[in-house]
Amino acid sequence: MSARDGEPVMTTRVEDHRPIERPETVELGRTETSRMVALLRDLRTPDWARPTDCTEWDVRSLAGHVLGMTETFTSVPVVARTMIGAGRAQQPGTTFIDTMTARQVRANASLTTGELISRMGAAGPVQARWRGSRRLMRALPMPNDLRDGTTETWKFAFILDVILTRDTWMHRVDVAVATGRPLELTPAHDGRIVADVVAEWARRHGQPFRLRLTGPAGGGFTHGEGGDELTLDAVEFCRTIAGRLPGEGLLAQEVPF
């Protein structure tokens with residue numbers, strides 16, 4: 001249940017959270033990209049040059065990355081070509097993901113904003129269907145570098161089912177924050193994404209807590225007995241654990257987006 005300021009909140013034990021899996025991933029992915037497209041269509045010319053929480057990128061560069069990621073995960077040959085190219089281009093002291101995203105930004109830099117938006121709108125449904133149809137690739141190991149310098153190995157299924165949607169969602173937040181545009185949020189879509197983030201956050205730190213997230217994407221969550229009691233906006237919670245905002249205590253625990 002979403003939590004609005006001053007309203008009673010139904011509390012969910014994170015142990016009871018239902019993970020995001022196929023076929024739900026298809027609808028979440030399709031909806032998220034369509035909302036990003038709608039937000040970008042609402043921008044005016046000066047908005048595209050505004051800085052974002054991704055300090056290396058303005059709004060235009062960030063959108064180029066999102067387009068690149070959307071179009072990459074539409075076929076096996078494109079995925080393979082992108083991964084191989086990034087691996088060959090990676091320099092010592094840099095991460096694979098930073099190399100790949102920088103190449104996406106450069107590859108799309110010459111597009112007009114209209115072309116960028118049109119291509120993202122066309123690729124969104126294709127990407128969502130492709131991600132939901134994968135079988136043999138899902139067990140492949142994929143290394144990923146976190147902000148603290150550690151490297152985790154994920155199954156490719158986690159990227160397909162969860163990370164790609166989270167990535168676009170957080171970048172939609174980045175664009176809205178940078179441009180002052182309203183952020184479209186609904187309990188069924190955004191609340192589902194946020195609840196899955198909370199469940200992973202809880203698994204990663206392993207501590208008891210009671211958490212009340214406000215706003216349309218919010219809800220009440222609990223784990224164990226006692227522990228910290230936290231109340232904050234659902235989007236600000238995600239920005240914090242994604243590293244966009246400073247966090248202390250349990251809010252310093254990173255969750256990848």
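This section describes the nonpolar cores, two helices, the open and enclosed spaces, and several individual residues of a predicted model.

The largest nonpolar core of the predicted model contains 28 residues, and among these V198, W201, L211 and F237 touch the most other members. Five elements each supply at least two residues of this core: helix 6 (156-179), helix 7 (187-205), strand 4 (209-214), strand 6 (228-233) and helix 8 (234-241). The largest share comes from helix 7, with seven residues. The surroundings of V198 illustrate how this core is joined. When neighbours within four places in sequence are set aside, V198 is in contact with V14, F209, L211, L213, F221 and F237. A second core, separate from the one just described, has 21 residues, including V37, I117, V175 and A176. In soluble globular proteins, nonpolar side chains tend to be buried together.

Helix 6 was examined with regard to length, bending and burial. With 24 residues at 1.5 Å a residue, helix 6 should span 34 Å, and its end C-alpha atoms lie 33 Å apart, so the expected and computed values agree. Helix 6 nevertheless has a kink of about 40°, centred on V162. Helix 6 is mostly covered, since 22 of its 24 residues are buried. Just after this helix, G180 adopts a positive phi of about 75°.

Helix 7 was described in the same terms. From the first C-alpha to the last, the 19 residues of helix 7 reach 25 Å, which is close to the 27 Å expected at 1.5 Å a residue. Helix 7 is also mostly covered, with 15 of its 19 residues buried. A glycine with a positive phi is found just after helix 7 as well: this residue is G206, and its phi is about 70°. 

The open and enclosed spaces of the model were considered next. The largest pocket has a volume of about 1200 Å³. This pocket is lined by 39 residues, of which I97, D98, T101, D145 and F257 are the closest to its centre. Two or more lining residues are given by each of helix 2 (59-72), helix 4 (96-107), strand 2 (141-145), strand 3 (151-155) and helix 6. Helix 4 gives the most to this lining, with seven residues.

A search of the whole structure for cavities of 30 Å³ or more finds one. About 40 Å³ of space lies in the largest cavity. The lining of this cavity is formed by I20, D161, V162, T165, R166, I193 and D196. Helix 6 and helix 7 are the elements that give two or more residues to the lining, and helix 6 gives the most, with four residues. V162 thus has two roles in this description, as the centre of the kink in helix 6 and as one of the residues that line the largest cavity.

Several individual positions complete the description. D228 belongs to strand 6, one of the elements that supply at least two residues of the largest core. The relative accessibility of D228 is 39%; this value lies between the limits of 20% for buried and 50% for exposed residues, and D228 therefore counts as partly exposed. Apart from neighbours within four places in sequence, D228 is in contact with P208, F209, R210 and L250. Of these contacts, P208 is 20 residues from D228 in sequence, while their C-alpha atoms are 7.0 Å apart in space.

T94 is located in the loop between helix 3 (76-89) and helix 4. Because its relative accessibility is 37%, T94 counts as partly exposed. T94 and Q253 are separated by 159 residues in sequence and by 23 Å in space, C-alpha to C-alpha. E248, in the segment after helix 8, has a relative accessibility of 74% and therefore counts as exposed. The C-alpha atoms of E248 and C238 are 14 Å apart, and the two residues are 10 places apart in sequence.

The final feature concerns the backbone. The peptide bond from R22 to P23 is cis, with omega near 0°. P23 lies in the loop between strand 1 (11-13) and helix 1 (24-41).

Technical notes
Residues numbered from 1 in each chain as written. Predicted model: local features only at pLDDT ≥ 70, side-chain atom pairs only at ≥ 80, totals over all residues. Heavy atoms only, no water. Core = buried A, V, L, I, M, F, W, Y, C linked by side-chain atoms within 4.5 Å. Buried < 20%, exposed > 50% of the residue type's maximum accessible area, 1.4 Å probe, protein only. Contact = heavy atoms within 4.5 Å. Expected span 1.5 Å × (residues − 1). Bend = angle between axes of the 7 residues up to and from the residue. 1 Å grid on protein atoms, 1.4 Å probe; cavity = no way out; pocket = protein on both sides within 12 Å on 5 of 7 lines; lining within 4 Å. Points joined across faces, edges and corners; volume = space filled by probe spheres on them.
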